[in-house]
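Please examine the structure shown here together with its sequence. The paragraphs after it are meant to be read with both in view.

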Amino acid sequence: MITVSVKWQKELLKDVEIDMTQPPYVFKCQLYDLTGVPPERQKIMVKGGLLKDDADWSTLGVKQGQKLMMMGTADEIVKSPEKGTVFVEDLPEEEQVVAIGHTAGLFNLGNTCYMNSTLQCLHSVPELKSSLIKYSHSGRTNDVDQTSHMLTIATRDLFSELDKSVKPVAPMQFWMVLRKKFPQFGQLHNGVFMQQDAEECWAQLLYTLSQSLKSPGSRTEEAAKGRAFLKQGGLAGKGVSLGEIGENSDAVKALFGIELNSRVHCQESNEETSEAESVYSLKCHISHEVNHLHEGLKHGLKSELEKASPALGRSAIFLKESRINALPRYLTVQFVRFFWKRESNQKAKILRKVDYPLVLDVYDFCSDDLRKKLDAPRQILRNEEGKKFGLKGSEKSSTGKENDVKMSDAEGSSNGGGEPSVAPMEEGEKEAQLTGIYDLVAVLTHKGRSADSGHYVGWVKQENGKWIEFDDDNPKPRVEDDITKLSGGGMPN
């Protein structure tokens, strides 16, 4: 904490405190209280330039007692309110949540940061919460076992408690049910609960919810397969759709399910087959060649398989190349950082830095059929972006009605610029068209070098566009630069 003086018009404001741990926007809010100049109108000179809302104080060289200059005009003086000042802490808890701008943190119950960060990321999906609200105590069907039913109820109740509370919540009931359903999360070492894998927690919870929130008519043999989700140092991106998830649909699949078409080819025998599968995450494989998410995803959609070749009468190497054939509303990416080290017979972590964007376009990873469906909505987006710069939109294509739709203000990009990720269909249609463009809305990271220890943290974008770091029971406001610096969870600290 340092104090400075601020020259504004004919006034000199002395001993104004700067909390160097908070972004400059907080300092601007202090000046607003002193001068009546709103933060967006303030022009404060530092180091030959203007002070930005999210700048890093440590790079600006502001010193104790320094004199700063501010320009800007104050708002008109308004009459005193008829009602007295109401402090946030005096409001009902539901209103406090709205005033603060984010929900509560979760107490660590003993190495449960993996669980807390997973829950905070899933809690950020409003459509999932809506589906859980519809799930009742008496809603269990015969093909959903009792522990899955209870875990779904515990998830619903915990999300509801988080929405209503500003004080940290102890997820005791949820944790008890999770350990009953999946005993591996209750493993002890020297009498202490062991650190677990957030990816496994995410996978098991999502799989359980996929069965509970699925209508009886849509439950198939898929229930016996499961197991391809997320998320170690992963990110979840949002491509919002305007339609509601129907009560008789597969809610989790609609929100997170990715359909893949794969070509399996053997160069030695020229045998070729095709496969279709449904997964809940794309994998970003990390090697010395991977510096960016796109490169890792490209590697993740290719793999080598050793299997029997009928043509050769023996085992052979097959190359599997996959393409996305259907996209979800929320796209999940797993940074594959943990692997089994044979020489030491233990799990290890890849610490390589991998950059990722705040807006991800997966068009290049889609099948030809899906690209055709995405082309018209993407052209609409380009036309709308062009209009902002005074450019004319392209002529209508032969796709007809699909190009006659109008753009609405869809979910904005994470920098608040309003970049849309969805093109709505004409009036009367139930759902908007996805474009293959996703805004980053949540990141789950692992701090530390060891795969069996360290600390998990969830980073979640709020409805107001601000980011919150959910470090167990201590939520902290963050800026976008903090998110991009996470490097896909690759940094040890």
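What follows is a guided reading of this model, which is predicted.

The account begins with the sheets. One open sheet has 5 strands in the order β2-β1-β5-β3-β4, and its pairing is mixed. Its edge strands are β2 and β4, the latter covering residues 49-50, and each of these pairs on one side only. Helix α1, residues 24-35, packs on this sheet and touches β1, β2, β3 (43-46) and β5, while the direction of the helix makes about 145° with that of β2. Within the sheet, β1 and β5 (residues 67-71) run parallel and are joined by 4 bridges. One residue pair helps to locate this pairing in the viewer: V6 has L68 in β5 as its bridge partner.

In general, the strands of a sheet pair through backbone hydrogen bonds, in either a parallel or an antiparallel manner. The second sheet to consider is also open, with 4 strands in the order β10-β9-β13-β12 and antiparallel pairing. Here the edge strands are β10, residues 272-279, and β12, residues 302-309, each pairing on one side only. From one strand to the next, the twist averages 30°. Strand β9, residues 258-265, runs antiparallel to strand β13, residues 314-326, and 7 bridges join the two. A useful landmark is N261, which stands opposite R323 in β13.

Two loop residues deserve attention for their backbone geometry. Most residues other than glycine have a negative phi. Q9, which is not a glycine, nevertheless has a positive phi of about 50°. Q9 lies in the loop between β1 (2-8) and β2 (11-18). N111, likewise not a glycine, has a positive phi of about 60°. The loop that holds N111 runs between α2 (93-100) and α3 (113-123). With a relative accessibility of 34%, N111 counts as partly exposed.

The helices come next. How do α3 and α5 pack against each other? Their angle is about 75°, and their axes are 11 Å apart. Angles of 65 to 115 degrees count as roughly perpendicular, and α3 and α5 are therefore roughly perpendicular to each other. At this contact, L119, Q120, L122 and H123 in α3 meet L158, F159, L162 and D163 in α5. The residues of the contact divide into 5 nonpolar, 2 polar and 1 charged. Helix α4, residues 126-134, has E127, L128, K129, S131 and L132 as its buried residues. The elements that cover these buried residues of α4 include α3, α5 (146-164), α7 (198-212), α8 (251-256) and β14 (330-336).

Helix α3 also contains N116. Is N116 buried or exposed? Its relative accessibility is 2%, and residues under 20% are classed as buried, so N116 counts as buried. A polar atom of the N116 side chain lies 3.3 Å from the backbone oxygen of L106. When residues up to four places away in sequence are not counted, N116 touches L106, F107, N108, P171 and D472.

A further polar side chain belongs to Q195, located in the loop between β7 (192-193) and α7. Q195 counts as buried at 12% relative accessibility. A polar atom of the Q195 side chain lies 3.2 Å from the backbone oxygen of G454.

The last stop is W459, in strand β21, residues 455-461. W459 is buried, its relative accessible area being 6%. Which residues surround W459, once its neighbours within four places in sequence are left aside? W459 is in contact with V441, A442, V443, T445, W467, I468, E469, R478, I483 and L486. The side chains of W459 and T445 are joined by a polar contact of 3.0 Å. W459 also offers a link back to the helices: its C-alpha atom and that of Q120 are separated by 8.2 Å, although the two residues are 339 residues apart along the chain. Q120 is one of the residues of α3 that meet α5.

Key
Residues are numbered from 1 along each chain as its sequence is written. This is a predicted model: local features need pLDDT of at least 70, side-chain atom pairs count only at pLDDT 80 or more; totals for chains, interfaces and linings use all residues. Side-chain values use heavy atoms; hydrogens and water are left out. Two strands pair if DSSP finds at least two bridges between them. Axes are lines fitted to C-alpha atoms, for helices over the stretch in contact, and angles run from 0 to 180 degrees between N-to-C directions. Buried means under 20% relative accessible area, exposed over 50%, partly exposed in between (1.4 Å probe, protein chains only). Contact means heavy atoms within 4.5 Å. Angles under 35 degrees count as roughly parallel, over 145 as roughly antiparallel, 65 to 115 as roughly perpendicular and the rest as oblique. Ala, Val, Leu, Ile, Met, Phe, Trp, Tyr, Cys and Pro count as nonpolar, Asp, Glu, Lys and Arg as charged, and the others, Gly among them, as polar. A polar contact is a pair of N or O atoms within 3.5 Å; within protein, one must be able to donate a hydrogen and the other to accept it, and residues adjacent in sequence count only if both atoms are side-chain atoms.
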